[in-house]
Amino acid sequence: RCLAALAQALHSAETTAEVIVVLNRCSDSTGQIAAQTGCTVIENNAKNLATIRNAGAQIARGKILVTIDADSIIAANTFTQIAQALNKPNTVGGGVMIIPERWSLGILATGCLLIPIAVWHGISGGLFFCAKSDFDAIGGFDESLSSVEDIDFARRLKQHGRSTARRFVTLWRSPIRTSCRKFDHFGDWYFVLRPWLTWSLLKGRNQSAADKVWYDFKR
């Protein structure tokens with residue numbers, strides 16, 4: 001579904017792109033599906049999302065980078081919106097809104113834990129876009145972090161933009177729809193009822209907490 005949505009968005013924007021899929025300890029047919037649809041496929045088995053994301057960015061040949069997780073679905077107008085944003089000389093890049101594939105009180109409460117962070121830093125995430133030169137200028141994703149590498153990346157990209165008189169923007173009309181598979185597995189109230197775990201993840205330095213939720217997560 002992720003790859004099909006990317007293809008639709010590229011078609012809507014009347015453009016093409018190199019789609020890079022980074023396989024991380026996959027035990028299913030992800031690699032075959034990606035290869036069959038013409039993607040560039042590489043493998044990185046690190047238990048570190050920053051390392052995995054950087055591996056894909058490192059081999060990218062285009063001038064613009066767009067990142068998205070494999071369990072998320074891009075909006076059909078996304079590449080059009082990205083082109084319009086980056087055609088403005090005062091834009092460094094940005095992110096989008098994240099919409100879960102289903103709602104519940106527990107999922108809503110978990111989302112509310114993250115809203116203050118996004119508002120405080122003035123950032124968004126889910127999907128990131130920027131020039132590859134700006135990605136390289138800030139050193140990509142911080143591989144010393146076991147979690148929240150996306151929040152950290154957005155914050156540093158925004159700071160980099162401010163230093164060069166450019167803005168970090170949110171594409172409000174191009175949200176991604178993302179999987180609730182972790183809530184399906186752990187339960188909708190899991191993170192709210194375990195503040196110590198949530199706090200550890202938000203600190204970004206607890207590998208065992210990250211392993212539990214991301215890297216050793218049953219897939």
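**A walk from the aromatic core to the sheet**

Let's start with Phe 135, which is buried at a relative accessible area of 5%. Please keep in mind as we go that the model is a predicted one. Which helix holds Phe 135? The residue sits in helix H6, which spans residues 132-137.

Phe 135 has company. The structure contains nine aromatic pairs, and one of them joins Phe 135 to Phe 153. A pair of aromatic rings is described by the distance of the centres and the angle of the planes. For Phe 135 and Phe 153 the centres are 5.6 Å apart and the planes make an angle of 45°, which gives a tilted pair. Phe 153 belongs to helix H7, and with the two positions 18 residues apart in sequence, the contact links distant parts of the chain. Phe 153 is buried too, with a relative accessible area of 1%.

A second aromatic pair makes a nice contrast in geometry. The ring centres of Phe 183 and Phe 191 lie 5.9 Å apart and their planes stand at 80°, so this pair is edge-to-face. Phe 183 is buried at a relative accessible area of 15%, and Phe 191 is buried at 10%.

Returning to Phe 135 and Phe 153, we find them in one aromatic cluster together with Phe 128 and Phe 141. Two members of that cluster lead us onward. Phe 141 has a charged neighbour: Arg 53 lies over the face of its ring, 5.5 Å from the ring centre. Phe 128, for its part, points us to the sheet, where this residue of strand E6 is the bridge partner of Thr 67.

Let's follow the sheet, then. How many strands does this open sheet have, and in what order? There are five, arranged as E3-E6-E5-E7-E4 with mixed pairing. E3 and E4 stand at the edges and each has a single partner strand, so one side of each has no neighbour in the sheet. On the E3 side, five bridges join E3 to E6, a strand of residues 125-131, and the two run antiparallel.

The two edge strands also help us place a salt bridge. The structure holds twelve salt bridges, and one of them brings together the side chains of Asp 71 and Arg 181, with a distance of 3.1 Å from N to O. Asp 71 is in the loop between strand E3 (64-68) and strand E4 (72-73), while Arg 181 is in helix H8 (residues 181-186), so the bridge ties together parts of the chain that are 110 residues apart in sequence. Are the two partners buried or partly exposed? Asp 71 counts as partly exposed at 25% relative accessibility, and Arg 181 is also partly exposed, at 32%.

Helix H7, where we met Phe 153, offers salt bridges of a local kind. Asp 152 forms one with Arg 155, at 2.7 Å from N to O. Both residues lie in H7 (residues 149-163), three residues apart, or about one turn of the helix. Asp 152 also forms a salt bridge with Arg 156, whose closest N and O atoms are 2.8 Å apart. Here the spacing within H7 is four residues, again about one turn. What about accessibility? Asp 152 is buried, at 10% relative accessible area. Arg 156 counts as buried as well, at 17%, whereas Arg 155 is partly exposed at 27%.

Arg 53, the residue over the ring of Phe 141, turns up once more here: Arg 53, Asp 69 and Glu 149 are linked in a network of salt bridges.

Our last stop is the cysteines. A disulfide is a covalent bond between the sulfur atoms of two cysteines. How many disulfides does the structure hold? The count is zero. Cys 2 has the sulfur of Cys 39 as its nearest cysteine sulfur, 8.8 Å away, and is in no disulfide. Cys 2 is buried, with a relative accessible area of 12%. Why is Cys 130 without a bond? The closest cysteine sulfur to its own is that of Cys 2, and at 18 Å this is too far for a bond. Cys 130 is likewise buried, with a relative accessible area of 2%.

How values were computed
Residues are numbered from 1 along each chain as its sequence is written. This is a predicted model: local features need pLDDT of at least 70, side-chain atom pairs count only at pLDDT 80 or more; totals for chains, interfaces and linings use all residues. Side-chain values use heavy atoms; hydrogens and water are left out. A salt bridge is a side-chain nitrogen of Lys or Arg within 4 Å of a carboxyl oxygen of Asp or Glu. Buried means under 20% relative accessible area, exposed over 50%, partly exposed in between (1.4 Å probe, protein chains only). A disulfide is a pair of cysteine sulfur atoms within 2.5 Å. Rings of Phe, Tyr and Trp (its six-membered ring) pair if their centres lie within 6.5 Å; planes under 30 degrees apart count as stacked, over 60 as edge-to-face and the rest as tilted. A charge sits over a ring if NZ of Lys or CZ of Arg is within 6 Å of the ring centre and within 35 degrees of the ring normal. Two strands pair if DSSP finds at least two bridges between them.
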